[in-house]
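User: Please take a close look at one part of this model and describe how it is packed. Then follow the packing outward into the parts around it, with the values that support each step.

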Amino acid sequence: MGDKIAETASNSAENTAKLRRVLVINGPNLNLLGSREPELYGGETLGQLASRLEAKGREAGVEVVCYQSNYEGALIDRVQAARTEGVDFIILNPGGLTHTSVALRDALRAVRIPFIEVHLSNIYAREPWRRRSYFSDLAQGVITGLGSRGYDLALAYALGAD
């Protein structure tokens, strides 16, 4: 049993060593975290969330870069730039663009960087139109409804991903 635990820890360290940079992308209105509908999205600000993720990355020897924009084109530009910046993994919360942005979907498909889709609220327990995501079928996984903890889980997965 102890050998299996040591092997798992060794594999996790190897995977983390391969990973150099994780990009966290937040879409429209996520700059208002902490003040916008805290009953749905929590009281943590985007700055606090970014600081926490960056610190966890540093602990693992991985650079975590956080980016937010309210503009679809800026998000697309950021995804495209990731291709030449050594980004190995993306954590994506597309916000309201989840249900509308074919263009952002196409950018993610084009760069072929693995990603996890994250939503603070449970999009499946909200309005029917929020239940459709243009990203879920491309994502390695979807984390929804766990608040900002979903980002932590996505980062933990990225740090252990092959």
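Analyst: Leaving aside neighbours within four places in sequence, Gly150 is in contact with Val118 and Ile143. The model is a predicted one. Gly150 belongs to helix H6, which spans residues 149–160. Gly150 counts as buried because its relative accessibility is 0%, where the cut-off for burial is under 20%. A further position reached across the sequence is His119: its C-alpha atom is separated by 7.3 Å from that of Gly150, although the two residues are 31 places apart along the chain.

The next residue to consider is Tyr151. Not counting residues up to four places away in sequence, Tyr151 touches Val24, Asn26, Leu30, Leu49, Leu53, Ile91, Asn93, Val118 and Leu120. Val118 is thus a contact of Tyr151 as well as of Gly150. In the largest nonpolar core, which has 22 residues, Tyr151 is one of the three that touch the most other members, together with Val22 and Ile91. Two or more residues of this core come from each of S1, helix H3 (46–60), S3, S4 and H6. H6 provides the largest share, namely 5 residues. As a general background, nonpolar side chains in soluble globular proteins tend to be buried together.

Helix H6 also takes part in an aromatic contact. The whole structure contains 1 aromatic pair, formed by Phe89 and Tyr157 in a tilted arrangement, with 6.0 Å from centre to centre and 55 degrees between the planes. The partners lie 68 residues apart and link distant parts of the chain, Phe89 being in strand S3 (residues 89–93) and Tyr157 in H6. Their surroundings can be compared through accessibility: Phe89 has a relative accessible area of 2% and is therefore buried, whereas Tyr157, at 40%, counts as partly exposed.

Another core, of 18 residues, lies apart from the one to which H6 contributes its 5 residues; its members include Val79, Leu104, Ala107 and Phe135. Two helices bear on this second region.

In helix H5, the buried residues are Leu104, Arg105, Ala107, Leu108 and Val111. They lie on the same side of H5, because they cover an arc of only 160 degrees around the axis. Residues three or four places apart in an α-helix point the same way, since there are 3.6 residues a turn. On the other side of H5, Arg109 and Ala110 are exposed. The cover over the buried residues of H5 includes H4, S3 and strand S4 (115–119). At the start of H5, a side-chain oxygen of Ser101 comes within 2.9 Å of the backbone nitrogen of Leu104, and just after the helix Arg112 adopts a positive phi of about 60 degrees.

Helix H4 (residues 72–82) has Leu75, Ile76, Arg78, Val79 and Ala82 as buried residues. These, too, occupy the same side of their helix, H4, because their arc around the axis is only 160 degrees. Strand S1 (21–26), strand S2 (63–68) and helix H5 (102–111) are among the elements that cover them. Arg78, one of these buried residues, has its charged end over the ring of Tyr67, 6.0 Å from the ring centre.

Definitions and conventions
Residues numbered from 1 in each chain as written. Predicted model: local features only at pLDDT ≥ 70, side-chain atom pairs only at ≥ 80, totals over all residues. Heavy atoms only, no water. Buried < 20%, exposed > 50% of the residue type's maximum accessible area, 1.4 Å probe, protein only. Helix = DSSP H or I, 4+ residues; strand = E, 2+ residues; numbered from the N terminus. Arc of directions from axis to C-beta. Contact = heavy atoms within 4.5 Å. Phe/Tyr/Trp six-rings, centres within 6.5 Å; stacked < 30°, edge-to-face > 60°. Lys NZ or Arg CZ within 6 Å of the ring centre and 35° of its normal. Polar contact = N/O pair within 3.5 Å; in protein donor to acceptor, adjacent residues only side chain to side chain. Core = buried A, V, L, I, M, F, W, Y, C linked by side-chain atoms within 4.5 Å.
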